[in-house]
Amino acid sequence: MVQESTQADEAVIAEGVDEEPVEGNRRLFTGWRMQIVAGFAAFYALFHMAALNGVSISAYTGIDLPFLPQFPMETWNFRIVHIAGALALGFVVYNAMLFSDKDDATKSGPWDKIAYVLILPALFAFGTSLWFARTVASGTLPEMGGLTTWPAFAGTPIYTQEVWYFGVPLLVATFGGIILGWFERAPRDQFRVSDILLGICGIAVAAYLIAIYGTAARNSVGTPFVPIGVAFAATAGSAMILELTRRVAGLALVIITGVFLVYTFTAHLLPGILAVQSAYSWQRFFGHVYSDAGILGPTTAVSSTYIILFIIFAAFLQASKVGDYFVNFAFAAAGRARGGPAKVAIFASGLMGMINGTSAGNVVATGSLTIPLMKKVGYRPTTAGAVEAAASTGGQIMPPIMGAGAFIMAEITGIPYQDIAIAAIIPAVLYFVSVYFMVDFEAAKLGMRGMREDELPKFNKLVRQVYLFVPIIILIAALFMGYSVIRAGTLATMAAAVVSWLTPHKMGLRSIIKAFELAGIMSIQIIAVCACAGIIVGVISLTGVGARFSAVLLDLAGVSQLLALFFAMCIAILLGMGMPTTAAYAVAASVVAPGLVQLGIPQLTAHFFVFYFAVLSAITPPVALASYAAAGISGANPMETSVVSFKIGIAAFIVPFMFFYNSALLMEGTWYEVGRAGVTAVFGVFLLSGGVQGWFLGQRSAWFIRLGLLLAALFMIEGGLITDLIGIGAAVGAWLVQKLFHPDPNAPIPVRGAD
């Protein structure tokens with residue numbers, strides 16, 4: 001939100017940056033309904049905070065009740081409850097389609113009555129799962145190796161009960177609820193019966209899996225001997241995850257997941273590297289996918305621990321209005337530079353990237369302020385949106401939080417998160433420096449001015465509020481002092497509450513509960529995305545298609561290692577198109593990263609290479625989520641905006657190749673090596689930006705000077721002493737030619753025909 005007056009002497013002040021945007025399909029409850037949903041969301045977030053920090057209510061009270069927050073909670077059970085809670089909350093909060101103002105929007109027809117009928121089989125399946133849990137706990141079942149068995153083989157009574165008392169009613173209710181979601185209507189401030197139906201189905205799935213995975217049946221996942229009920233539960237659970245992902249993240253990830261699912265059951269018919277020897281049965285695949293090799297694997301492991309914890313941290317920062325402060329601080333620091341609002345967009349997006357984990361979310365938070373101001377100082381709407389999209393995308397690689405993908409990297413690679421955050425410093429700097437140079441040279445070419453002093457927040461006043469950075473400083477300090485990520489995040493969250501007492505937005509009990517409620521709602525999208533990515537990971541792990549892609553990379557490396565890297569880049573960007581960074585990296589890390597490691601590339605470098613391009617997919621045409629979000633604010637054409645944002649971020653596409661050729665950019669090596677690599681890389685990015693924009697040392701450049709700058713930049717990328725000297729020599733040569741001969745910047749490129 002912007003408070004802006006036509007009077008020249010009124011400053012532009014950021015307000016409302018911290019407010020969570022309300023999606024077009026989110027329900028806006030009032031009254032008792034709002035209290036129920038808010039309470040559920042707050043309890044959901046608080047449950048995670050308590051469980052992750054070892055709070056044990058049963059130990060304090062002596063009352064042993066199931067599902068109370070206690071740690072260590074059995075890992076699979078914790079993740080199952082994590083997903084089930086997100087499903088139940090997500091279906092109630094997010095409608096199946098965008099809300100309309102049409103008069104018939106509240107007319108439901110017979111659909112709500114059908115949903116009421118379908119609640120009966122859903123409750124029946126839930127009751128059956130509770131009966132199964134009681135049977136398992138009764139001690140009447142045989143044991144094997146100290147574990148209770150679950151004799152659900154074909155022909156046994158339990159098998160029949162799983163099929164007809166649990167599986168069939170559950171599938172009927174689940175798919176019926178998904179279909180009814182497209183037809184049932186209800187006012188935006190009221191519940192829909194079909195959504196409540198899906199919530200019950202999600203809880204039924206969790207109740208069954210917790211009971212059965214507590215027996216020896218857990219060891220059969222991924223084999224043809226998995227209990228039929230697990231396959232039914234996994235089918236219903238996967239369908240609900242896909243539907244919730246569609247509601248909160250759009251169709252792109254759902255379609256890609258659907259392609260992988262189709263591949264699973266047709267892989268035996270395909271040729272070449274995509275082929276598998278024998279077909280997979282429905283029971284084996286879905287018995288495999290809802291395990292730690294799929295949905296309950298690394299993506300959900302991260303969303304149920306680090307991600308939701310840092311979402312709670314971000315919610316506490318939002319409650320204390322830190323986002324407003326960050327944007328105002330950026331205006332005060334960078335607003336006077338030429339093309340001021342564009343520089344502010346870069347600075348503010350880097351700061352907001354510390355607390356905001358999504359590219360599109362960063363665009364909405366800061367772009368609603370910076371894009372109109374960029375247009376005001378002379379940027380075209382397309383360029384204004386593109387600058388914001390490119391800047392906001394960099395927030396994903398800005399330490400210490402770096403979006404959710406870095407947590408998944410730590411989970412997959414086993415590399416401590418602290419090491420990943422340290423390694424990200426120079427790549428993040430290079431990204432923002434490259435965008436800064438592109439924006440600065442564009443402003444110079446167009447002769448743009450900065451903002452006047454009286455248009456900006458007062459820097460002296462903002463400096464007195466610098467204590468608002470304390471929670472982030474505590475987070476970084478705790479990580480470097482050796483605290484676990486969970487403990488560091490918890491300390492930073494507590495610090496955010498304490499710091500708020502120094503501001504007009506003091507956090508009392510009501511505000512803290514509101515922050516937990518906000519965190520619960522904010523977490524729905526990322527949890528759904530991570531679970532959906534888990535389905536793809538499950539397909540990859542079962543079919544082994546990732547290993548076969550690795551073999552292709554090895555073959556390409558035999559021809560050229562650079563060609564193999566280019567191929568890996570294309571796959572990472574292609575997988576990331578239309579997908580949130582978290583899902584894009586999780587999938588690319590399963591398909592591409594193992595092949596890069598087999599090439600002899602260090603594990604950290606390989607995963608960072610993939611992660612960087614998964615992030616850049618947000619500004620890569622033809623499907624660029626960050627660019628599309630920015631275009632919605634600027635009013636420009638989305639495709640044109642994505643093309644321009646790709647151009648602005650073009651130098652960043654070279655950065656991963658830089659740290660491949662020179663691992664010192666990932667803080668590996670001596671301080672001298674790291675320092676020299678950082679300085680020469682920044683210079684290389686400067687030359688590359690100058691070549692792309694046609695602006696070098698204060699004036700426009702002729703085409704052959706631009707070409708020389710591009711060649712010099714490529715030499716700087718390799719990172720060796722000889723290549724650095726060649727690059728510096730080429731840059732000096734370009735400067736001398738421009739200084740001594742003043743070539744015409746509009747000189748055409750001579751082309752000879754074959755007349």
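The mean pLDDT of the protein chain in this predicted model is 85, and 92% of the residues reach 70 or more. Over residues 1–10, by contrast, the pLDDT is below 50, although this stretch has 24 contacts in the model beyond near neighbours in sequence. Where pLDDT is low, predicted coordinates should not be read in detail.

The largest nonpolar core comprises 265 residues. Trp-150, Tyr-290, Tyr-431, Leu-596 and Phe-608 have the most contacts inside this core. Helix 21 (residues 509–543) supplies the largest share of the core, 19 residues. For Tyr-290, the contacts outside its neighbours within four places in sequence include Ile-83, Val-205, Leu-209, Tyr-213 and Ala-234, as well as Gly-237, Ser-238, Ile-241, Ile-295 and Leu-296.

Helix 21 also packs against helix 1 (residues 31–52), at an angle of about 80° and with the axes 7 Å apart; the two helices are therefore roughly perpendicular to each other. Helix 1 contributes Ala-38, Ala-41, Ala-42, Tyr-44, Ala-45, Leu-46 and Met-49 to the contact, while helix 21 contributes Ile-513, Phe-516, Glu-517, Ala-519, Gly-520, Ile-521, Ser-523 and Ile-527. By class, 12 of the residues in this contact are nonpolar, 2 are polar and 1 is charged.

A second helix pair is formed by helix 7 (residues 228–249) and helix 8 (residues 251–266), whose axes lie 7 Å apart at an angle of about 150°. Because this angle is over 145 degrees, helix 7 and helix 8 are roughly antiparallel to each other. In this pair, Leu-242, Thr-245, Arg-246 and Ala-249 of helix 7 meet Leu-251, Leu-253, Val-254, Thr-257 and Leu-261 of helix 8. The contact between helix 7 and helix 8 consists of 6 nonpolar, 2 polar and 1 charged residues.

Technical notes. Residues numbered from 1 in each chain as written. Predicted model: local features only at pLDDT ≥ 70, side-chain atom pairs only at ≥ 80, totals over all residues. Heavy atoms only, no water. Axes fitted to C-alpha atoms, helices over the stretch in contact; angles between N-to-C directions. Helix = DSSP H or I, 4+ residues; strand = E, 2+ residues; numbered from the N terminus. Parallel < 35°, antiparallel > 145°, perpendicular 65-115°, else oblique. Contact = heavy atoms within 4.5 Å. Nonpolar A, V, L, I, M, F, W, Y, C, P; charged D, E, K, R; others polar. pLDDT = per-residue confidence, 0-100. Core = buried A, V, L, I, M, F, W, Y, C linked by side-chain atoms within 4.5 Å. Buried < 20%, exposed > 50% of the residue type's maximum accessible area, 1.4 Å probe, protein only.
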